Every structure is written in structure tokens, then in C-alpha cells.
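Thanks for coming, everyone. I'd like to walk through the pockets in this one and then turn to the ligand. Please have a look at the screen.

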Amino acid sequence: MVDFRRLEDVNVSGKTVLIRVDFNVPCNEDGKITDDTRLKASLPTIKYLQKQRAKIVLMSHFGRPNGQRESGASLMKIIAPLSKLVETSVKFAPDCIGEATQKAIAKLKPREVLLLENTRFHMGETKTSGGENGYDPDFAKALATGSDIYVHDAFSVTHRAQASTTGIAKFLPAYAGLALERELDHISQALDIPKRPVMALVGGAKVSTKIDLLKNLVGKLDRLAIGGGMANTFLAALGHDVGGSLCEHDLKDKALDIMQAAKTAKCEIILPIDVIAAEGFAAHAPHRVCGLDDVKPDEMILDAGPDTVTAILDAIDLSQTLIWNGPLGTFELQPFDTATVEAAKYAAKRVKNNGLIAVAGGGDTVAALKHAGAADGFTFISTAGSAFLEWMEGKSLPGVEILKK
Ligand code: AMP
């Protein structure tokens, strides 16, 4: 269980609180925000601080301007939608450091909100003064100037050691914001102190991107169901011919190592026992249910078969906690979304009726669960991509380390 300093632990009344948010929101070609989930995620902390009469300063990165001022990467576009959501006229500082910014911070009255310009307009955010990856402590100090307390509220950037995510904690007392607290509480409840039995369902395209994650999980879980394209590598390693399927043949030994580690750790591995083999990689391509040794050379496995889905649902029934990352098939191409949709719906049902704790995150997982109409039924869905995966890999997250007591 992560024991970290929480925002509620500190008296913020009348103080200037600098919050690291993640306003790196998706935008269309005209710069219009297409998904405001990340703006909404910042609201609980902002509203809490307003209630406590704190002065609120927000900072974030946007895109990868690499130390250059790029108009397309300005956070100015956030002001209007954020003001609407916070129901406060949010002020804007055209730079995140410097004299003018310090003046704007000093002028803030309790409950007022000031958004600073993109931290990545300065090289010191992501590079040392020598140009190495990291951050420049002088820049971190400049960011901290004028504020009393630092609040980290963006789980999605906790895997990065940069000026605004970790460096700043050398100059200001650091606390987790309400969104980050919620995220850390849920993910540690799922993997560090889970209600057992605990299972994970890991799918997605490739084993290569998830080797560390699988290795870490088998030591912690009672069951691990492997699906998606990555299951093909395991099936091939066990001697099955996967035809024209996506398969990383060079990783067959790694797959066998993971299975051996699971055996040693007494973690049951659930692999497909039947598959949906299609004649092409396209929606509605001719397809059939087939056994593991029945895939033709020109067919490709695009989804788990019905018996496999039943085995996964049975495993969910045996579990008190479920961690989900990655789809069980090419869910973007119908009908090869079937296994993902059925398993996601079933998990959501078990959350509602049986108190299953179901936590999901990383990569395409959120899109897959939304597609299944099951996202709202999960106990918690992390919107973080890489940070969620690194947490599943058992890596320590620098942005969380600075908050530990
Ligand atoms: P990931 O980002 O690793 O979670 O991978 C997600 C992607 O895996 C999705 O775009 C799926 O379409 C893809 N995927 C899942 N199952 C398969 C499969 N059997 N063959 C090829 N791609 C797959």
C-alpha cells in the first residue's frame, strides 16, 4: 500500500497552491478540444482548494514543443472550457516562470485560479542544463517561486521525472491531489493489497510491449488470462500452428519463461482453448470458430473463441479482484470485438451484483471498455497510459516517490 502525503493533511487556507495537472487533452486540427476528461479530472482538487480559500495556480505540459514556443501548443485554448467547468473566470499567465508570472501569482486572491503557459516551452522541464534527459533544477526552482505548496494531481505523468512532476518537490512541500489519491488508492487496492482471489486479464497486440508486466503479475496473481494477439505467441510456443496470425515467433522462449514463472508462483495461466480464425484483417472478413490445431496457413486469429470466453467468465466468477489491460481481440473490427465485449459486460455485471473489484487501464483498454458499454460499470478506470503500465510492471513511479511519507 502506498503511504503518501495527501492534500487533506495540510492547511491550505490563504496559501498559494501550485497544482501539476495533465491538460494535454486531445484536440482536432482546428485546436478544438475533442475530449475534456482530463479537465474534468482536475475539478475535485480545484473545488476543494476553493472551498479552503486557497489561491490556485495550475501548470501542465501540452504536446512536445521541445523547449520552443509553439502557438499550437499553447494552453490558452484551455481557458474558456476550464472557466466554464470551474464556474470561475480562470486567469492565464503567458509564461510558466519569470517576473510577470510571479506578479500574477502574487496578485491572486483566495479562490482565484491562474493557469500557467505550457511548461514544455522551456527546455529545463525535460532536459538537464547539459541537454541530457531529466530536468534543470534551476527551472524547477523558478516554477516553485511564489507558491507555498505543490500538489501533484496527474497520475498520467507520474512515470516521468521532470521539473514539474518531481524536481519541484525539492523546493516546495509536496502532496497528492484528490484525483491522484483516488487513482493510487484504487490501483494499490487492486494489486498491492487485493481481495483474493485476484486475476488479471491481459490482452492487446504484442508480448514484446508487455513482458515486464507479465513477469511482475505472475508473482502477484492467482490467475492470469492472456488474450489478444499476444496470446498467439504463447500458443505458438506451445507448438500450435497459428497460421497467418500476428505472432512474435522470436519471443517464444520468453513466453515459456513466463509460463514457468507462473507455475513456480502458483499462478494459473488461462490461454485460449479455441479461437476465431478469419480470412483477412478486416471487419466482417469470413471467419469461423476453430480449435487450436485447426488454423489454416492463410487464416489469422482475430478473437478468442466461445469456449475461451466461457473459461474467462468462469475465472471472473472465482475472483474478488480483476485487473484488465488490453482487448481480447481486434475489437475495432466487428465482429471480432465479441470476446472483449462479453467479458467486459460480464465483469461490470459482477461488480454490480457480486462486489467484484474491477480496475482497468492502459493503452486501448479504456476505448475497448467504452466500446463494450461497460466502462461505467468498472470499479475504477485509469485514464493513464504508460504510468498505468509501469505500475503494472511493478516499477516505482518517480512522481509518486516524492509524495511518500
Ligand atoms: P495494446 O495497445 O497492446 O493493448 O494493443 C491493442 C491492440 O491490439 C488493438 O488495436 C487490437 O486490435 C489489437 N489486437 C488484439 N487482438 C489482436 C489479434 N488477435 N491480432 C492482431 N491484433 C490484435
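**Two pockets and a ligand**

The residues lining the second largest pocket split into 16 nonpolar, 13 polar and five charged. Keep in mind that this is a predicted model.

Let's stay with that pocket. It holds about 500 Å³ of space. Its lining has 34 residues. Look for Gly204, Ala205, Gly229, Pro327 and Gly329, as these come closest to the centre of the second largest pocket. Which elements give two or more residues to this lining? They are α8, residues 228–237, and β12, residues 300–304. The top contributor is β12, with five residues.

Now the largest pocket. Its volume is about 920 Å³. Here 33 residues make up the lining. Nearest the centre of the largest pocket are Thr37, Ala41, Ile381, Ser382 and Thr383. Four elements are worth finding on the screen, since each gives two or more residues to this lining: α1 (37–41), α6 (178–191), α12 (365–371) and β15 (380–382). Of the elements, α6 has the largest share, at five residues.

And the chemistry? By class, the lining of the largest pocket has 15 nonpolar residues, nine polar and nine charged.

Where does the largest pocket lie with respect to domain 1 and domain 2? Between them. Domain 1 covers 7–178, and domain 2 covers 188–392. Both give residues to the lining of the largest pocket, so the pocket sits between the two.

On to the ligand. There are 15 residues around it. The nearest are Ala205, Lys210, Gly229, Ile301 and Glu332.

Three of the contacts are worth a closer look. Start with Ala205: a backbone N or O atom of this residue is 3.0 Å from an oxygen atom of the ligand. Next, Lys210. Here a polar side-chain atom lies 3.1 Å from a ligand oxygen atom. Then Gly229, where the backbone takes part again: one of its N or O atoms is 3.1 Å from a nitrogen atom of the ligand.

How much of the ligand does the protein bury? Taken alone, the ligand exposes 510 Å². The protein buries 83% of that.

One last link. Ala205 and Gly229 are among the residues closest to the centre of the second largest pocket. Both are also among the residues nearest the ligand.

That's the tour. Over to you for questions.

Key:
Residues numbered from 1 in each chain as written. Predicted model: local features only at pLDDT ≥ 70, side-chain atom pairs only at ≥ 80, totals over all residues. Heavy atoms only, no water. 1 Å grid on protein atoms, 1.4 Å probe; cavity = no way out; pocket = protein on both sides within 12 Å on 5 of 7 lines; lining within 4 Å. Points joined across faces, edges and corners; volume = space filled by probe spheres on them. Nonpolar A, V, L, I, M, F, W, Y, C, P; charged D, E, K, R; others polar. Domains from an automatic or database assignment. Near = heavy atom within 4 Å. Polar contact = N/O pair within 3.5 Å; in protein donor to acceptor, adjacent residues only side chain to side chain. Areas by Shrake-Rupley, 256 points an atom, 1.4 Å probe, with all protein chains shown as cover.
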